[in-house]
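Here is a friendly walk through one protein fold, written to be read with the structure open beside you. Take your time and turn the view as you go.

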Amino acid sequence: MKHFLKNAEDLRWLIGHTGGFRAGYVTDVQMSKRRLFDEGSGREVPAGTTVSVAIRYEIRGMVRVAKLTMTGVTDFSIFEQDGADCSSLGIIQTEFTAGKLRFWFDPQGELYVVCDEAYLEEVVTPLVMADQAAELAQWAFQGRTAESPTVQWMLHELDRAGLPCAWHEAKRAVPIHPAVQWEGDLIPAGDSKTGRDNMVHVMAYSLLEGQGFGLMLRVFGVQDPRMSRIFEVLADQITQHFAGDCLVGTTIISGREWEGWLIRERQVRQDR
């Protein structure tokens with residue numbers, strides 16, 4: 001989901017949609033400056049500043065990870081001292097004055113941005129309790145169309161990749177959230193070393209707002225090259241066949257950029 005913010009009405013929408021990010025927290029702040037070469041003076045000149053803030057928050061039993069990108073920044077402040085932590089949010093404040101958007105991310109104004117315009121990107125997932133001892137990876141995809149991957153489609157893609165799996169539907173006495181449509185486990189077929197402790201858990205869910213679908217993959221078990229391969233094949237095929245955005249941790253990645261991002265991450269791990 002993407003929404004552009006240019007005026008007071010857009011800011012009212014932002015506060016209503018997010019609840020002001022109440023009780024959320026900032027996970028990442030980035031600033032970038034563009035400079036262009038001026039042929040007349042023969043020097044580089046400033047051409048704009050962009051600040052992006054990633055926020056994780058919860059609302060109506062769903063986890064939302066939002067990236068607020070603010071362009072044409074004319075004033076930016078981030079200030080922490082004496083143990084202060086401006087990453088924890090109460091409720092943000094916004095204002096539209098003299099054609100500028102203003103964001104106060106904490107009551108003390110230690111994280112403050114003034115800009116020309118902004119846009120919000122967001123990925124939503126059900127709130128699930130992570131088993132830190134067993135969960136190896138978590139990945140979510142938010143599609144933009146009503147059509148979504150099915151269990152049969154995933155099994156077919158894994159067969160084509162030489163990674164046949166069996167499907168075990170999950171049955172819960174108490175549903176995680178009404179938005180969850182179905183869930184279950186993909187377990188590698190014909191391998192005595194794997195079992196119900198090594199699996200890729202798949203959860204499909206509907207979005208609370210707008211058209212689209214959500215899909216979450218969670219890898220459980222021990223470090224196993226085959227499990228990693230199943231996970232990567234599924235993620236690759238989903239991003240190739242469906243338009244949308246990926247969520248890794250608290251990082252939102254366009255589906256078109258997923259493969260390149262994964263290649264860079266592998267290179268970083270190899271270099272360590």
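Let us begin in a loop. F21 sits in the loop between α1 and β2 (25-38). This is a predicted model, and in it F21 has a positive phi of about 55° although it is not a glycine. Most residues other than glycine have a negative phi. Is F21 buried or exposed? Its relative accessibility is 0%, so F21 counts as buried.

R60 also has a positive phi without being a glycine, with a value near 55°. You will find R60 in the loop between β3 (43-59) and β4 (62-71).

A third loop residue worth a look is S88, placed between β5 and β6. With a relative accessibility of 46%, S88 counts as partly exposed. S88 lies 65 residues from A23 in sequence, and their C-alpha atoms are 7.1 Å apart in space. Beyond its neighbours within four places in sequence, S88 is in contact with G24 and Y25.

**Helix α1 and the four-stranded sheet**

Which residues of helix α1 (residues 8-18) are buried? They are D10, L11, L14, H17 and T18. These buried residues lie on the same side of α1, because they cover an arc of only 130° around the axis. An α-helix has 3.6 residues a turn, so residues three or four places apart point the same way. On the face of α1 turned away from the buried side are the exposed residues R12 and G16.

Now move to the open sheet of four strands, whose order is β5-β8-β7-β6 and whose pairing is antiparallel. Its edges are formed by β5 (75-78) and β6 (93-97), each of which pairs on one side only. On average, neighbouring strands here are turned by 10° against each other, direction ignored. Helix α1 packs on this sheet, where it touches β6 and β7, and its direction makes about 170° with that of β6.

Within the sheet, strand β7 (residues 100-104) and strand β8 (residues 111-115) run antiparallel and are joined by four bridges. W104 stands opposite Y112 in β8.

**The seven-stranded sheet**

How many strands form the open sheet that runs from β11 to β16? There are seven, in the order β11-β12-β13-β14-β10-β15-β16, with antiparallel pairing. The edge strands are β11 (165-169) and β16, and each pairs on one side only. Neighbouring strands in this sheet are turned by 20° against each other on average, direction ignored. Helix α2 packs on the sheet and touches β11, β12 (180-188) and β13 (199-206); the direction of α2 makes about 160° with that of β11.

The table follows three strand pairs of this sheet.

| Strand pair | Bridges | One facing pair of residues |
|---|---|---|
| β10 and β14 (residues 213-220), antiparallel | eight bridges | E135 and F220 |
| β10 (residues 135-143) and β15, antiparallel | four bridges | Q142 and D245 |
| β15 and β16 (residues 251-254), antiparallel | four bridges | V248 and T251 |

In a regular strand the side chains alternate between the two faces of the sheet.

Strand β15 (residues 244-248) deserves a closer look. Four of its five residues are buried, so β15 is largely enclosed by the rest of the structure. β15 and β16 form a hairpin with two residues between them. In that turn, G249 has a positive phi of about 65°.

**Where two helices meet**

The last stop is the meeting of helix α2 (residues 151-160) with helix α3 (residues 225-241). Their axes come within 10 Å and cross at roughly 115°, and the crossing is right-handed. Which residues make this contact? From α2 come W153, M154, E157 and L158, and they meet I230, V233, L234, Q237, I238 and H241 in α3. By class, this contact has seven nonpolar, two polar and one charged residues.

Helix α2 is a good place to end the tour: α2 meets residues of α3 and also packs on the seven-stranded sheet.

Conventions
Residues numbered from 1 in each chain as written. Predicted model: local features only at pLDDT ≥ 70, side-chain atom pairs only at ≥ 80, totals over all residues. Heavy atoms only, no water. Axes fitted to C-alpha atoms, helices over the stretch in contact; angles between N-to-C directions. Left-handed = near helix turned anticlockwise from the far one by under 90°. Contact = heavy atoms within 4.5 Å. Nonpolar A, V, L, I, M, F, W, Y, C, P; charged D, E, K, R; others polar. Buried < 20%, exposed > 50% of the residue type's maximum accessible area, 1.4 Å probe, protein only. Pairing = 2+ DSSP bridges. Arc of directions from axis to C-beta.
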